[in-house]
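Let's take a walk through this fold, one element at a time. Have the chain open in your viewer and follow along.

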Amino acid sequence: MYNDKIMEHFMCPQNAYYMQDSDAEGEYGDEGCGDKVICYIKVRDNVLVEVSYLVYGCATSIACASMMSVMAKGKTIEEASKITEQMVDDALGGLPPLKKHCSNLGVGALKYAIADYNYRTNNYKPKPYIDTNKKQL
């Protein structure tokens, strides 16, 4: 069912650890299967110098998160944000049809981590909540 590349990243996942001093983090899960990935990034001069993750899921989810971290590490923020589920699937040599959805977990978490980094470093301010149902006195 699983090819050698998927088994390699499942049995010996790369960059799987909690990064205490990360610059940003992102979380993405699949309600249908219950799997979830939390991605941590450290950025220096716009380059992802460190990428790690924690994954709660099946063998394919672990392999996909591991491959995502390998693909993203050393890339600029712009390059890493262009990593797709299909790129992870291809890098792993093709996922079994019933497991194709697992490739979105690591990539989704990475994209949320990048968004979190952009939010933190660019001082984006959330829009204030305005209650439109409130009556004027």
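How many bridges join strand S1 to S2, and do they run parallel or antiparallel? Before answering, keep in mind that this is a predicted model. The count is 6 bridges, and S1 (residues 24-29) and S2 run antiparallel. If you want a spot to click on, try Gly26, which stands opposite Cys39 in S2. The hairpin linking S1 and S2 has 6 residues between the strands, and in it Gly34 takes a positive phi near 85 degrees.

Now stay on S2 and look at its pairing with strand S3 (residues 47-56). S2 and S3 pair over 9 bridges, again in the antiparallel sense. Cys39 turns up once more here, standing opposite Tyr53 in S3. So Cys39 of S2 has Gly26 across from it in one pairing and Tyr53 across from it in the other. The hairpin of S2 and S3 has 2 residues between the strands, and Asp45 is the one to check there, with a positive phi near 50 degrees.

How enclosed is S2? Of the 9 residues in S2 (residues 36-44), 7 are buried, so the strand is largely enclosed by the rest of the structure. For that tally, buried means under 20% relative accessible area.

On to the helices. Two packed helices are described by the angle between their axes and the distance between the axes. Start with H1 (residues 4-11) and H2 (residues 59-72): their axes come within 8 Å and cross at roughly 85 degrees. An angle from 65 to 115 degrees counts as roughly perpendicular, and H1 and H2 are therefore roughly perpendicular to each other. On the H1 side, the contact uses Lys5, Ile6, His9 and Phe10, while H2 brings Ala59, Ile62, Ala63, Ser66, Met67 and Val70. Sorted by class, that contact has 7 nonpolar, 2 polar and 1 charged residues.

H2 also meets a second partner, helix H5 (residues 103-121). Here the axes come within 7 Å and cross at roughly 40 degrees, which makes H2 oblique to H5. The crossing is right-handed. Which residues make the contact between H2 and H5? From H2 you'll find Ser61, Cys64, Ala65, Met68 and Ala72, and from H5 Ser103, Leu105, Gly106, Val107 and Leu110. By class, this contact has 7 nonpolar and 3 polar residues, with no charged ones.

How values were computed. Residues numbered from 1 in each chain as written. Predicted model: local features only at pLDDT ≥ 70, side-chain atom pairs only at ≥ 80, totals over all residues. Heavy atoms only, no water. Axes fitted to C-alpha atoms, helices over the stretch in contact; angles between N-to-C directions. Helix = DSSP H or I, 4+ residues; strand = E, 2+ residues; numbered from the N terminus. Parallel < 35°, antiparallel > 145°, perpendicular 65-115°, else oblique. Contact = heavy atoms within 4.5 Å. Nonpolar A, V, L, I, M, F, W, Y, C, P; charged D, E, K, R; others polar. Buried < 20%, exposed > 50% of the residue type's maximum accessible area, 1.4 Å probe, protein only. Pairing = 2+ DSSP bridges. Left-handed = near helix turned anticlockwise from the far one by under 90°.
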